[in-house]
Amino acid sequence: MPFRFSSRSLERLRTCHADLVLLMTEAIADPDCPSDFSVLEGFRDEAAQDAAYDSGASQLRWPQSRHNSTPSMAVDVAPYVDGGVTWDWAYYYPLADHVKRTWNRLSLEGATTGDYHLTWGGDWATLKDGPHWQLDPV
């Protein structure tokens, strides 16, 4: 059964670049999606970015994060399991594989702008960030 976003997730997703909106909308609607997931954050204003930096959740101050542009070039999503968001990496890896496959399919179909490649924070060497997805210029 395909999943779908809550109104709160959709509101947060609408702050993002069109390629991220398309990607996440397609990923969650795919019957092969391994888990439901929520959009935690798209655009992050100065106060939120500095709070993320101060708490150690980000290594970047305003306006250096991909979350700090309008539209946001980053989105944070988390698997939704047993009635709530989970931080268990066992759920992030299958979801990440699914999102990457969805991106590749959309790119091959010409559905994305073609101006960006997708980066997952879980692939970073330091400060691995399972929820984080961002668009980087090609």
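In the predicted model, the backbone nitrogen of His67 is placed 3.0 Å from a polar atom of the Ser65 side chain. Ser65 itself belongs to the loop that connects α3 (46-55) with β2 (74-81). With a relative accessibility of 9%, below the 20% limit, Ser65 is classed as buried. A further polar contact, of 3.5 Å, links the side chain of Ser65 to that of Gln49. When neighbours within four places in sequence are set aside, the residues in contact with Ser65 are Arg44, Gln49 and Leu60.

The setting of this loop is given by the overall fold. The protein chain contains 4 helices and 5 strands, and from the N terminus these elements follow the order α-α-β-α-β-β-α-β-β. For a compact globule of 138 residues, a radius of gyration near 14 Å would be expected; the value for the protein chain is 14 Å and therefore agrees with that expectation. Along the principal axes, the C-alpha atoms occupy a box of roughly 40 × 35 × 30 Å. Buried residues make up 42% of the 138 in the protein chain. Of the contacts between residues at least 6 apart in sequence, 60% connect residues at least 24 apart.

The surface and the charges were also examined. The protein chain has an exposed area of about 7,400 Å², of which carbon and sulfur atoms contribute 52%. It carries 11 positive and 20 negative charges, and the mean positions of the two sets lie 1 Å apart.

Helix α3, which precedes the loop of Ser65, shows local features at its start and just after it. At the start of α3, the backbone nitrogen of Ala47 is approached to within 3.3 Å by a side-chain oxygen of Asp45. Just after α3, Gly56 adopts a positive phi of about 90 degrees. Ala48 is a residue of α3, and its relative accessible area of 29% places it in the partly exposed class. The C-alpha atom of Ala48 is 29 Å from that of Pro94, a residue 46 positions away along the chain.

Ala48 is also among the contacts of Glu41, a residue of strand β1 (residues 36-41). Apart from neighbours within four places in sequence, Glu41 contacts Arg12, Ala48, His67, Ala74, Val75 and Asp76. His67 thus appears in this list as well as in the pairing of its backbone nitrogen with the side chain of Ser65. The side chain of Glu41 forms a polar contact of 2.9 Å with the side chain of Arg44, and Arg44 is in turn one of the residues in contact with Ser65. Glu41 has a relative accessible area of 23% and is therefore partly exposed. Between Glu41 and Glu11, which are 30 residues apart along the chain, the C-alpha separation is 9.5 Å.

A further group of contacts involves strand β4 (residues 116-120), where Thr119 is located. Thr119 has a relative accessibility of 16% and so falls in the buried class. Its side chain is joined to that of Asp136 by a polar contact of 2.6 Å. Beyond residues up to four places away in sequence, Thr119 touches Trp124, His132, Trp133, Gln134 and Asp136. Asp136 is therefore both the polar partner of the Thr119 side chain, with N or O atoms within 3.5 Å, and a member of this contact list.

Definitions and conventions:
Residues are numbered from 1 along each chain as its sequence is written. This is a predicted model: local features need pLDDT of at least 70, side-chain atom pairs count only at pLDDT 80 or more; totals for chains, interfaces and linings use all residues. Side-chain values use heavy atoms; hydrogens and water are left out. Helices (H or I, at least four residues) and strands (E, at least two) are DSSP runs, numbered from the N terminus. Buried means under 20% relative accessible area, exposed over 50%, partly exposed in between (1.4 Å probe, protein chains only). Contact means heavy atoms within 4.5 Å. A polar contact is a pair of N or O atoms within 3.5 Å; within protein, one must be able to donate a hydrogen and the other to accept it, and residues adjacent in sequence count only if both atoms are side-chain atoms. The radius of gyration is taken over C-alpha atoms; the globule rule is 2.2 Å times the number of residues to the power 0.38. Accessible areas come from the Shrake-Rupley method with a 1.4 Å probe; for residues, only the protein chains shown count as cover. Lys and Arg count as positive and Asp and Glu as negative; His and the chain ends are not counted. The place of a charge is taken as NZ of Lys, CZ of Arg, CG of Asp or CD of Glu.
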